Amino acid sequence: MARKSPAPAISRTPAPRTGKRLTRAFFARSVHEVAPELIGATFLVDGVGGMIVEVEAYHHTDPAAHSFRGQTPRNAVMFGPPGFAYVYRSYGIHWCVNFVCEKEGSASAVLIRAIEPTMGIEEMRRRRKLEDVHALCSGPGKLTEAMGITIAHNGLPLDAVPIELFARTADVDVIRGVRIGITKAVELPWRYGAKGSRFLSKPFAAPAAPSSAVVPGKRTKSAQTRDQ
């Protein structure tokens with residue numbers, strides 16, 4: 001009797017390593033501390049997402065912030081407690097997702113501009129109707145479409161399903177520069193990104209200054225000054 005050949009091994013792509021879960025307490029700090037620390041963190045919605053490689057900080061004293069002129073039905077989530085998602089429609093075309101930071105009433109948030117896809121890539125391709133992995137989430141509107149983020153996620157906590165956030169597991173070389181796609185406060189260097197990433201929405205202008213090192217739980221002198 002012929003011996004049966006062993007069944008072929010099933011090739012499985014290992015899930016990316018993730019750090020500890022980020023809780024709402026992580027966001028109860030200066031937006032200028034939180035923003036650079038999000039670079040390298042993993043952001044998932046219903047298990048689909050990847051590593052954050054680009055963000056922008058928006059402070060309530062900033063003319064480019066949605067909260068600058070006060071509370072409205074659209075931006076109400078920004079004025080609430082930290083650790084919640086603020087989702088809005090940009091130019092009536094696509095959704096953008098932000099993470100609310102600082103104490104309740106501060107109305108400051110971090111815009112998630114780009115991620116490096118690591119989980120649910122085939123689902124992202126289906127939603128975006130394209131194959132190029134580098135183009136799936138290389139922009140705030142692209143990543144929300146790829147991850148299935150809509151107004152239904154507005155006001156949801158960042159530390160409860162369907163949203164999952166995990167701290168980065170290794171040091172990241174974070175660069176910063178001026179924000180893009182805005183017409184006010186364009187000189188403020190509040191855009192942060194992963195140096196050398198091929199998944200950015202747009203390259204940083206050279207030379208890009210390295211961001212200040214921030215120790216969790218402590219505030220730098222420059223961050224304190226900007227918050228006043």
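**Figure 1. The largest pocket holds about 580 Å³ of space.** This is a predicted model, and our tour starts with its largest pocket. In all, 26 residues line the largest pocket, and H66, Y88, Y91, G181 and I182 are the ones that lie nearest its centre. Several elements give two or more residues to this lining: the strands β2 (48–58), β3 (85–90), β4 (94–101) and β5 (108–119), plus helix α3. Which element supplies the largest share of the lining? That would be β3, with four residues. Sort the lining by class and you get 14 nonpolar, seven polar and five charged residues.

**Figure 2. The second largest cavity has about 30 Å³ of space.** How many cavities of 30 Å³ or more turn up in a search of the whole structure? The search finds two. The second largest cavity is the one to look at here, and its lining is made of R21, L22, L158, D159, A160, I163, E164 and L165. Five of these lining residues are nonpolar, three are charged and none is polar.

**Figure 3. R179 sits in a loop, between β7 (174–177) and β8 (191–194).** Is R179 buried or exposed? Its relative accessible area is 3%, and buried means under 20%, so R179 counts as buried. Now for its polar partners. The side chain of R179 makes a polar contact with the side chain of D62, at 2.4 Å. A polar atom of the R179 side chain also lies 3.3 Å from the backbone oxygen of A185. Leaving out residues up to four places away in sequence, R179 touches E56, A57, Y58, D62, A64, K184, A185, L188, W190 and R191.

**Figure 4. Helix α1 (residues 31–38) is largely enclosed by the rest of the structure.** Why say that about α1? Because eight of its eight residues are buried. Here is the roll call: V31, H32, E33, V34, A35, P36, E37 and L38. Check out both ends of the helix too. At the start of α1, S30 has a side-chain oxygen that reaches to within 3.1 Å of the backbone nitrogen of H32. Just after α1 comes G40, which takes a positive phi of about 100°.

**Figure 5. E145 belongs to helix α3 (residues 140–147).** How much of E145 shows? With a relative accessible area of 39%, E145 is partly exposed. Set aside its neighbours within four places in sequence, and E145 is in contact with R127 and R128. W95 is worth finding as well: E145 and W95 are 50 residues apart in sequence, yet their C-alpha atoms are 7.6 Å apart in space.

**Figure 6. Zooming out, the protein chain has four helices and nine strands.** Follow the sequence along and the pattern reads α-β-β-β-β-β-α-α-β-β-β-β-α. Of the chain's 228 residues, 47% count as buried. Now take the contacts between residues at least 6 apart in sequence: 62% of them join residues at least 24 apart. As for the outside, the chain exposes about 12,000 Å², and carbon and sulfur atoms supply 56% of that area.

Note on methods. Residues are numbered from 1 along each chain as its sequence is written. This is a predicted model: local features need pLDDT of at least 70, side-chain atom pairs count only at pLDDT 80 or more; totals for chains, interfaces and linings use all residues. Side-chain values use heavy atoms; hydrogens and water are left out. Buried means under 20% relative accessible area, exposed over 50%, partly exposed in between (1.4 Å probe, protein chains only). A polar contact is a pair of N or O atoms within 3.5 Å; within protein, one must be able to donate a hydrogen and the other to accept it, and residues adjacent in sequence count only if both atoms are side-chain atoms. Contact means heavy atoms within 4.5 Å. Accessible areas come from the Shrake-Rupley method with a 1.4 Å probe; for residues, only the protein chains shown count as cover. On a 1 Å grid over the protein atoms alone, a cavity is a set of points where a 1.4 Å probe fits but cannot get out, and a pocket is an open set with protein on both sides within 12 Å along at least five of seven lines; lining residues have an atom within 4 Å of a point. Grid points are joined across faces, edges and corners, and a volume is the space filled by probe spheres set on the points. Ala, Val, Leu, Ile, Met, Phe, Trp, Tyr, Cys and Pro count as nonpolar, Asp, Glu, Lys and Arg as charged, and the others, Gly among them, as polar.
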